[in-house]
Amino acid sequence: MSTTRETAFTITPKTDAISAAERAALLANPGFGRVFSDHMAVVTYTEGKGWHTPEIMPRQPLMLDPAASVLHYAQEIFEGMKAYRAPNGDALLFRPEANARRFRKSAERMAMAQLPEELFLDAVNQLVKLDAGWIPDPEVGTLYLRPFMIATETALGVKPSAEYKFIVIACAAGDYFSKDAGPVTVWVEERTVRASRGGTGEAKCGGNYAASLTAQQEAKANGCHQVLFLDANERKWIEEMGGMNVMAVMEDGTLKTPPLGGTILPGITRDSLLTLARDKGMTVKEEPYAIEQLYADAASGRLRELFACGTAAVVTPIGTLKSAEGDHLISGQTGEVTASLRKTLCDIQFGRAEDPHGWMHRVG
Ligand code: PLP
Ligand code: COI
């Protein structure tokens, strides 16, 4: 467990914070992405000057010129990570340096300013330290952190912006999918694609999510919770979901997931689960999986379990895949391996178990 070095953030605390009782009521059932903490971290970038003016301030609307480049050409990237409440009351972060690294890579792909990883970690650490009271109880959830960067130069020329803001906000997060839902139903999208080779699929940029929304709408219209995207070239291979990676548990106990190849977000949960599965002695395969083969394996029983994984979704079992042609039942209940991997991961994240890989960072 390590802690992060502090830089000189100017801290302006909120003066009219809500009462502890009001906050407790909000934290009892926060849902996802609606109950925000009191503060935000902001760091500014100006070409020629670099990153400057690191601040923590009361959460407030942004002031942007209507010609700010982000509003026109979508130079925007973000991260998703969580702060967990340990049994001894400590606030813990899970592999934050992996988020900082991925953020830098996303910035590179979108021709944005490179934020030093130390500064990313400092901003997150200091925001969580100040807003630790917004971390829900472990039975309820976590504090979801949303670091993001936007292009703020007032310029309509199509070129990389010369000015950026790096901002971190936080919201209390319960389950991403409703607890009563059981295994989720997923729409297999055969019409639109999320990413293509040479595109921005492996960057965490807002545009990827905008591109996924018509499929998400279609999923909802068909009674599904999420979308599974196929590859852009052949519409044959499973890739990932709208906001999470996908993994399959085979009859022989192998854990199988599509390989990273530029079109899939390299999920930190994905990487962690592959490591934990290897720790458990499981065979792990990162290899292409054709959707038709997956359907056949579900019917024959070769495919035992299918689940989604990501920061927001944690590990969520997939019960049924639906497509325009019909339904394919995987399983009506949470599989054994899915449940075991979820428990092992969550026990580490909430500080209830040994952390053999040194993934947890204490905030402070
Ligand atoms: N894939 C997409 C498209 C995502 O939005 C996410 C969520 O961040 C993931 C995968 C999982 O990534 P991680 O485990 O790092 O949260
Ligand atoms: C996350 O899991 O952090 C995501 O970014 C997925 C989604 C909420 C956008």
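**Exercise 1.** In this predicted model, which residues does Met149 touch, leaving out those up to four places away in sequence?

*Solution.* Start with the aromatic partners of Met149: they include Trp51, Phe103, Tyr164 and Phe166. Add Ile77, Ala107, Met112, Ala113 and Leu115. Finish with Gln75, Glu76 and Lys165, which also touch Met149.

**Exercise 2.** Place Met149 in the largest nonpolar core, and explain where that core lies relative to the two domains.

*Solution.* The largest nonpolar core has 53 residues. Met149 is among the members that touch the most others, along with Trp51, Phe120, Val128, Leu145 and Phe166. Next, check the domains. Domain 1 (10-173) and domain 2 (179-349) both contribute residues, so this core lies between them. A second core is separate and has 26 residues, among them Ala86, Ile268, Cys346 and Ile348.

**Exercise 3.** Describe the shell around ligand 2 by residue and by class.

*Solution.* List the aromatic residues around ligand 2: they include Phe32, Phe78, Tyr144, Tyr176 and Tyr209. Gly80, Arg146, Lys204, Gly243, Thr311 and Ala312 also surround ligand 2. Sort by class: 6 residues are nonpolar, 3 polar and 2 charged. Both domain 1 (10-173) and domain 2 (179-349) supply shell residues, so ligand 2 lies between them.

**Exercise 4.** Find polar contacts of ligand 2, then state how much of ligand 2 the protein buries.

*Solution.* Take the side chains. An N or O atom in the Tyr144 side chain is 2.6 Å from an oxygen atom of ligand 2. For Lys204, a polar side-chain atom lies 2.7 Å from a ligand 2 oxygen. Now the backbone: an N or O atom of Ala312 sits 2.8 Å from an oxygen atom of ligand 2. Last, the area. Ligand 2 alone exposes 280 Å², and the protein buries 88% of that.

Notes: Residues numbered from 1 in each chain as written. Chains lettered and ligands numbered in written order. Predicted model: local features only at pLDDT ≥ 70, side-chain atom pairs only at ≥ 80, totals over all residues. Heavy atoms only, no water. Core = buried A, V, L, I, M, F, W, Y, C linked by side-chain atoms within 4.5 Å. Buried < 20%, exposed > 50% of the residue type's maximum accessible area, 1.4 Å probe, protein only. Domains from an automatic or database assignment. Contact = heavy atoms within 4.5 Å. Near = heavy atom within 4 Å. Polar contact = N/O pair within 3.5 Å; in protein donor to acceptor, adjacent residues only side chain to side chain. Areas by Shrake-Rupley, 256 points an atom, 1.4 Å probe, with all protein chains shown as cover. Nonpolar A, V, L, I, M, F, W, Y, C, P; charged D, E, K, R; others polar.
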